Each structure stands twice: as structure tokens, then as C-alpha cells.
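User: I am new to this structure and would like to learn how to read its features. Please take me through a few of them.

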Amino acid sequence: MEFGGASSRVFHGDQFRCLSPSPRKFQTRTDLSGFYHRRPSSVSFHLSTTIAGRDCTCKAILGDRKVSADKVKNTPGHEFELSSLTALSPLDGRYWGKVKDLAPYLSEYGLIYFRVLVEIKWLLKLSQIPEVTEVPSFSEEAQLHLQGLINGFSMNDALEIKTIEKVTNHDVKAVEYFLKQKCQTHPEIAKVLEFFHFACTSEDINNLAHALMLKESMNCVIFPLMDELIGEICNTAKDNAHISMLSRTHGQPASPTTLGKEMAVFAVRLSRERRDISQVEIMGKFAGAVGNYNAHLVAYPDVKWPQIAKEFVKSLGLSFNPYITQIETHDYMAKLFHAIIQFNNILIDFDRDVWGYISLGYFKQITKAGEIGSSTMPHKVNPIDFENSEGNLGVANGGLSHLSMKLPISRWQRDLTDSTVLRNMGVGLGHSILAYKSALQGLAKLQVNEARLSEDLNHSWEVLAEPIQTVMRRYGVPEPYEKLKELTRGRAVTQESITKFIEGLELPKEAKNNLLKLTPHTYVGAAVELARTVDLAVNMVNGTKVFETHS
């Protein structure tokens, strides 16, 4: 189930194309011929840089209290403009192509669009309240005009609102003025222009816009990527369900498993978190300046405003929060971001395990013509995709952790600290999807090295100590654990030594024959079946595909 169509629309990728670098030549000349001053900790260096023919020299002393630098003066035409090369965040530069799908929802454009949507939907809701006689029911043509402002909202519209904001110095008020301008020539809507933003505080608009930003970005971008990642891990599990592998606990050889079963563990773990994320209620409030409908009730005492607000919030596909201050309390955001952090933590565990299996030689990586693994070691094929994934998950979790810990805290009826923090939702989620895509890219390159897996098993006959001593316990052989410990601990164990030990045991013939048939390759328990049936486990766990609408 997916949230309803109040905010459904099509975004064209070219609206979010990153600016190409302006044609400018950079020449850098660096002189690092430093010299030591009397104090050993002080090092002086000279950096000379030429930018477009202009010499910009910087001098500094490291370790000294006084650090001086020649002022670099920017001349007209030499200022940096935003491009893929000048963006401060790598999400908006180097990685833009991999994260731009989030831009329609979590960018400044996305925030403005959803504000416009909420303002218009509220005016339409007012027209449906019989007691609000000053806003009569709109004709079908007027409704289409208002809906057209939502459906046709463009980048130019957003830029126009930003221009208005330069005068108002208030982003939400700029949206209100924009809508009044767009409707002042419409004979029907022009009569009720002052009912745009009626009885609203800015946070009434913003909290619903932020909720819709999260809902749509999760449903349209993040959940599909999570599902794709879980699906690929499931496929890896099923494809390798029968491939025996030496386990390692504490880094040491342990009872064998299969490669597929170990992949299945991660698929199911990620599915559980995916389910928990989808079950978070995305909430909204619409109760005025401090959450009491103060202005509403003065203007229209006979209207049941709490019920109206509930209906309105739910009409946007959100859950209603009736107990709030000026702001929605953001508790649901904390819950959502914590759940995403846990999903990411599990993926970090996966990235590190696969990295380790590559290091052991259990996986080879398919090479790509022209790619270079090391600037000095030509033979290198590094597990960079899993390393990139792990690194970005760390950055994502750092940002999401701050959001989840800060947002539920606001002084008295509200302070403004949440406003600037909320503008960073795209940072944590952007690094998350970058990590998911890197992991998927890494998975696509993996090739199982069965010979290497088999080699490790052939040199680890000591792992059969566990089943042998367990069977000995069943048939009453005294001190089974101690006898196997004496045979195996700290000693080289071979097929021959294990066979000799089994043959000397006083066991029923059938039990002894079963132990003699056992090898490190076949001692995998139920691992094969667990891996083969992983889809069933994942489907049972992960029945909810997107956010549900809660009453």
C-alpha cells in the first residue's frame, strides 16, 4: 500500500541537472621547500598558486601562534559558481548522478513544492466547511485551476518564490504571496485570497511538507533500493546454497556452513529492518501557533477544528498527531531515522563480511577493462564498492543519528533549532542510497571461487571434532569432549587421524559408518535448505512494501 495521490507528480530529470563546470583554467605551482625555525615544532612553507593568470600567494607558519596569509582578492568573473567541481558536498558534486533521484523530494525545490501543495489543499478544505461561509465551495473550474498550480509547479515557479523571499526574508510567507499572485486574476479565487494560510503558523505548513518529503522519498526512491538490495542478496544466497564454506568464529576455523546460508542471514536481517521502517507512522499536525486552535476558535467558534485538522492531515496520507506544541514533536522522525540507522548497521556488517571473504579468496571480482586498482601496484583488484558502501553508511548514520537525537528536543512551545537541522534530511538519506548502490555494484562483480573454498575445508578436518563428540555423548562413551580436545586442540588434524580415531570408538556400526562418511564439505547441517528457502523467510517478514496510511 502506498500513500495517496495528494502529492503524486512527475519530475523530469533535466530539472535537476547539475551545472557543468565553467570553462576556467587552473594552474597550480607549489613550493614545499620548508625550513625549520628555532622551535622544532614550527615549519614554514610557501604556496604559490596561479588562477587564470592571477598570482595568489599564501605564506604560513605551522606550529606557531601567529599564522599570516596574504589576502587573496577575487576579481569579477573569477568567483566560484556551483558546479560538480565546486559543490561542498560530494552528494551534489562527485556523486550527484547516483543520488539525484532524491532531489525532487528532499531538495529546496522539493520543500517549496510540498509547501505549495499544503497551502492549496488547505484552501480547498476551507471551501468544504459549511460554517466558513466566506469561502464558498469552488466551482470545478476553480478547483482545476488550483490543482493545476500543483501539477504544473516548475523550477521557474520555485525560483520566483525564492525571489519573493529575498524581500520577505520569510520562506513560508513567500509561498503565500506567490499563490496570491497566481490567483489574483481568477475571478472566483481572487475573492478569497486572504484565506490562503488562514489560521496557520508556518510550522503547520512546514511539518506537513517535511512529512510528505519523507513519505515520497522513502516510497519512490529508498524502499525500492532497499528491496533491490535484499533481492540481490537473496539471489546470491540461493545461487550458492550448496557451496560449502568453512565458518570462522573469533577468526578461527569453526563448524562448516554454506556460502548461501551466510548470505541468507543478511537478507532476512535486512528484511526485518525494512519492515520496521515501513511501519513507522509518518505524522502531521495542523493546530496553529501553539497547538490549541486559538485563532481558529476565535474566528469560527462553532467549527470543530480538531476534527477538521484530523481530516485534513489524513487526506494527505499522513497520521494525525493531536497533542503538540507549535511544532509536530518529531518523535516519528527519530523512530524512522533510528530504524534506517539499524538497517545501515546491518549492511555495514554485510560489507565487512564480503570484504573479508574477498580477502580470503572466496570471492573473485570481475574486472572491467580500463579500471585501475592501484596507482603503483598494477595487479590490484580492490573491493572498493564495499569499502565505499561502508564509508558512506558511516557518514549517513552520523547525520541520521544527530537528526534522531536533536529533533524531538525543542525549548518550551518551540525553538528554531529544528528548522536548519531538517534541511539536512537529504544528507543522511543521500549517503544511504549511495551506499546501497555501491553494495549492489559490488555484488554484481562477485564470482565465487569454489576451489579456494574447498581448499580451506580440506585443511580443516579438526572441525569434525564437534559431531564426533556429540555422537559419543549419545551412546554413552565416557569423556567425549575431553578425548576430542586431546586429539585436536593445538595439533595438526588430518583425514587419516580423524578416521583412525573414529574406527577405535565403541559405537554402533551404523553410527560409526555415518561418522566415517562425514567430511568438512558435508558437515553443514541444514544450511543448504535454509539458503534455498530464504525467499519464503523474507516474504513472511517483509509483507509491507511501502508506508501505510494510518488512521
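Analyst: What follows goes from the whole protein to single residues. The model is predicted.

User: Let us begin with the whole. How many helices and strands does the protein have?

Analyst: The secondary structure comes to 21 helices and nine strands. Of the 551 residues in the protein, 47% are buried. Among contacts with a separation of 6 or more, 76% are between residues 24 or more positions apart.

User: How do I read a pair of helices? At what angle do the axes of α7 and α21 cross?

Analyst: An angle over 145 degrees counts as roughly antiparallel. Helix α7 covers residues 202–239 and helix α21 residues 534–541; their axes cross at roughly 155° and come within 9 Å. The two helices are therefore roughly antiparallel to each other.

User: Which residues make the contact between α7 and α21?

Analyst: On the α7 side they are Ile230, Cys234, Ala237 and Lys238, and on the α21 side Val534, Asp535 and Val538. By type, the contact of α7 with α21 has five nonpolar residues, two charged and no polar.

User: Cys234 is in that list. Is Cys234 buried or exposed?

Analyst: Buried means under 20% relative accessible area. Cys234 has 2% relative accessibility, so Cys234 counts as buried. Cys183, at 0%, is buried too.

User: And how many disulfides does the structure hold?

Analyst: A disulfide is a covalent bond between the sulfur atoms of two cysteines. The structure holds zero disulfides.

User: How do I read a single residue inside a helix? Where is Asn392, and what is Asn392 in contact with, leaving aside neighbours within four places in sequence?

Analyst: Start with the element, then the accessibility, then the contacts. Asn392 lies in helix α12, residues 384–406. Its relative accessibility is 6%, so Asn392 counts as buried. Apart from neighbours within four places in sequence, Asn392 is in contact with His431, Leu434 and Ala435. With His431, the side chain of Asn392 forms a polar contact of 2.8 Å. Sequence distance and spatial distance are separate readings: Asn392 and Asn344 are 48 residues apart in sequence, and their C-alpha atoms are 9.6 Å apart in space.

User: Can the same steps be used in a loop? Where is Ala87 found?

Analyst: Ala87 is in the loop between β3 (54–62) and α1 (96–99). With a relative accessible area of 17%, Ala87 is buried. Neighbours within four places in sequence aside, Ala87 is in contact with Leu82, Asp92 and Gly93.

Definitions and conventions. Residues are numbered from 1 along each chain as its sequence is written. This is a predicted model: local features need pLDDT of at least 70, side-chain atom pairs count only at pLDDT 80 or more; totals for chains, interfaces and linings use all residues. Side-chain values use heavy atoms; hydrogens and water are left out. Axes are lines fitted to C-alpha atoms, for helices over the stretch in contact, and angles run from 0 to 180 degrees between N-to-C directions. Helices (H or I, at least four residues) and strands (E, at least two) are DSSP runs, numbered from the N terminus. Angles under 35 degrees count as roughly parallel, over 145 as roughly antiparallel, 65 to 115 as roughly perpendicular and the rest as oblique. Contact means heavy atoms within 4.5 Å. Ala, Val, Leu, Ile, Met, Phe, Trp, Tyr, Cys and Pro count as nonpolar, Asp, Glu, Lys and Arg as charged, and the others, Gly among them, as polar. Buried means under 20% relative accessible area, exposed over 50%, partly exposed in between (1.4 Å probe, protein chains only). A polar contact is a pair of N or O atoms within 3.5 Å; within protein, one must be able to donate a hydrogen and the other to accept it, and residues adjacent in sequence count only if both atoms are side-chain atoms. A disulfide is a pair of cysteine sulfur atoms within 2.5 Å.
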